Amino acid sequence: MTLDDRTLLTIAVIGGTGKEGTGLAMRWALQGYRVIIGSRDAERAAAHAKELNAQLGADLLAGQANADAAAQANIVVLSVPYSAHKATLESIRDQLDGKILIDITVPMQPPDVRTVYIPEGRSAAQEAQALVGDNVRVVSAFQNVSATKLKDPRGIIDCDVLVTGDDEEAKSEVMKLVEAAGMRPIDAGPLANAVAAEALTPVILYINRKYGIKGAGIRITGV
Ligand SMILES: NC(=O)c1ccc[n+]([C@@H]2O[C@H](COP(=O)([O-])OP(=O)(O)OC[C@H]3O[C@@H](n4cnc5c(N)ncnc54)[C@H](OP(=O)(O)O)[C@@H]3O)[C@@H](O)[C@H]2O)c1
């Protein structure tokens with residue numbers, strides 16, 4: 001599936017009421033994509049979409065319960081904490097068949113979020129793929145982009161986004177979404193490489209604290 005007309009593309013952001021999902025959702029909505037905020041609570045989703053529309057000054061986003069949002073989308077973005085990763089995927093698995101799933105999760109074991117944690121399945125993205133099955137094309141991206149940078153939907157973001165996945169077409173669709181959100185996508189290989197992107201985030205959080213900054217990002221040089 002190649003959808004060049006972004007108006008035909010619907011993106012559901014599962015957990016879009018949260019910090020990272022909010023920023024991504026607003027950016028895609030501003031670029032003409034149809035975006036649905038997903039939440040465990042349909043009312044919370046609708047209220048959040050209303051707030052974002054007020055902030056953007058246009059009626060661009062809708063809000064629905066996670067499974068309903070996923071059912072309507074061509075591309076589903078999973079934006080919940082790692083502790084909710086498995087349960088959330090199970091709750092929308094039936095709605096993901098044949099679709100692209102973008103997993104942005106960073107596996108963490110709070111309270112120590114500044115030390116790399118490798119989960120049992122090697123990466124959250126690979127755990128997602130195992131859980132949803134081969135009929136869902138899982139692509140991993142956005143782990144190294146701070147929500148503080150995404151907050152201003154029209155602000156410039158100085159960073160690259162590593163994109164990994166086993167389906168080249170799906171990866172290329174997601175790379176378009178990275179660009180639409182205002183960042184440079186870097187094809188970082190198969191989904192097995194997602195472990196590296198996921199593991200970089202605790203390192204970045206350490207760097208933020210060590211150097212007293214907010215929202216450090218990564219740049220691949222020489223590309
Ligand atoms: N924040 C960042 O700077 C950042 C950067 C890169 C990647 N990420 C990754 O992006 C994902 C989302 O991060 P975030 O900071 O946006 O998270 P968040 O704000 O803490 O949570 C996002 C949403 O997940 C849902 N949620 C929270 N706890 C849940 C639970 N126990 N069970 C089911 N759903 C739950 C909530 O939505 P409802 O209550 O509406 O269902 C919440 O609004 C994480 O995996 C994180 O590692 C975050």
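**View 1. The ligand sits in the largest pocket.** A pocket here is an open set of points on a 1 Å grid over the protein atoms alone, with protein on both sides within 12 Å along at least five of seven lines; sitting in one takes more than half of the ligand's atoms within 2 Å of its grid points. This is a predicted model, where local features need pLDDT of at least 70, side-chain atom pairs count only at pLDDT 80 or more, and totals for chains, interfaces and linings use all residues. Residues are numbered from 1 along each chain as its sequence is written, and side-chain values use heavy atoms, with hydrogens and water left out.

**View 2. The shell around the ligand has 21 residues.** To be in it, a residue needs a heavy atom within 4 Å of the ligand. Thr17, Ser39, Arg40, Arg44 and Val80 come nearest. Sorted by class, with Gly counted as polar, the shell holds eight nonpolar, nine polar and four charged residues.

**View 3. Ligand oxygens make polar contacts (N or O pairs within 3.5 Å).** A polar backbone atom of Val80 is 2.6 Å from a ligand oxygen. For Arg40, a side-chain N or O atom is 2.8 Å from one, and for Gly18 a polar backbone atom is 3.2 Å away from one. The protein covers 77% of the 870 Å² of accessible area that the ligand has on its own (Shrake-Rupley, 1.4 Å probe).

**View 4. Trp28 and Phe142 pair edge-to-face.** Ring centres must lie within 6.5 Å to pair; planes over 60 degrees apart are edge-to-face, under 30 stacked, the rest tilted. The count comes to two aromatic pairs. In this one, the centres are 5.8 Å apart and the planes at 70 degrees.

Key. A polar contact is a pair of N or O atoms within 3.5 Å; within protein, one must be able to donate a hydrogen and the other to accept it, and residues adjacent in sequence count only if both atoms are side-chain atoms. On a 1 Å grid over the protein atoms alone, a cavity is a set of points where a 1.4 Å probe fits but cannot get out, and a pocket is an open set with protein on both sides within 12 Å along at least five of seven lines; lining residues have an atom within 4 Å of a point. Rings of Phe, Tyr and Trp (its six-membered ring) pair if their centres lie within 6.5 Å; planes under 30 degrees apart count as stacked, over 60 as edge-to-face and the rest as tilted.
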